[in-house]
Amino acid sequence: MLRVLKFALPFLFWLYLARDFISGQTPVNLDTNTIYGVAKFYFNNLLNGVVPLWDPFVSLGRPFYAIPICNLFHPITQLIIPLK
């Protein structure tokens, strides 16, 4: 019974926190894909030991920009790297 609770409680908590997304009330639109692409590029480079200064995938390359909506430089977001 205790093993079931150890699995079920975090799962139910996750369902509660993601209730708006699961029910479709949170919009997933074109901006979502843009933010995901920028964040994935940034964190993949950091995990490989490189600070991204250049984005080679847009317009044959341009300086990397982290749009403010991504919050890539927020201290809480930076916890992704050591937790990975």
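Two residues are said to be in contact when heavy atoms of theirs lie within 4.5 Å, and this idea will be needed when the tour reaches the third helix. The model on your screen is a predicted one.

**Start with the whole chain.** Show the protein as a cartoon and follow the chain from the N terminus, and you will meet its elements in the order α-α-α-β-β-α, which amounts to four helices and two strands. The radius of gyration is 17 Å, well over the 12 Å that the globule rule gives for 84 residues, so the protein is more spread out than a compact globule. If you turn the model along its principal axes, the C-alpha atoms fill a box of roughly 55 × 30 × 20 Å. Of the 84 residues, 18% are buried, and when you switch on the surface you are looking at about 7,100 Å² of exposed area, 69% of which is supplied by carbon and sulfur atoms.

**Next, select the nonpolar patch.** Pick Met1, Leu2, Leu5, Phe7, Leu9, Phe11, Leu12, Trp14, Leu15, Phe21, Ile22 and Val28, which form a nonpolar patch on the surface and together have about 1,300 Å² of accessible area. The elements that give two or more residues to this patch are α1, residues 2-17, and α2, residues 19-23, and the largest share, eight residues, comes from α1.

Now keep Phe7 alone in view, which has its place in helix α1. Is Phe7 buried or exposed? Its relative accessibility is 63%, and because exposed means over 50%, Phe7 counts as exposed.

**Then move to helix α3.** Select residues 30-47, a helix of 18 residues that reaches 26 Å from its first C-alpha to its last, close to the 26 Å expected at 1.5 Å a residue. Which residues of α3 are buried? Colour Val38, Ala39, Phe41, Tyr42, Phe43 and Asn45, since these are the buried residues of the helix. To find what lies over them, add β1, residues 54-55, and α4, residues 80-83, which are included in what covers the buried residues of α3.

Before leaving this region, step just past α3 to Gly49, where the backbone takes a positive phi of about 85°.

**Finish with the contacts across the chain.** Return to the full view and consider pairs of residues that touch while being at least 6 apart in sequence: among these contacts, 39% join residues at least 24 apart.

Conventions. Residues numbered from 1 in each chain as written. Predicted model: local features only at pLDDT ≥ 70, side-chain atom pairs only at ≥ 80, totals over all residues. Heavy atoms only, no water. Patch = residues over 30% accessible without salt bridge, like charges linked within 9 Å, V, L, I, M, F, W, Y side chains within 5 Å. Areas by Shrake-Rupley, 256 points an atom, 1.4 Å probe, with all protein chains shown as cover. Salt bridge = Lys/Arg side-chain N within 4 Å of Asp/Glu carboxyl O. Buried < 20%, exposed > 50% of the residue type's maximum accessible area, 1.4 Å probe, protein only. Expected span 1.5 Å × (residues − 1). Rg over C-alpha atoms; globule rule 2.2 N^0.38 Å.
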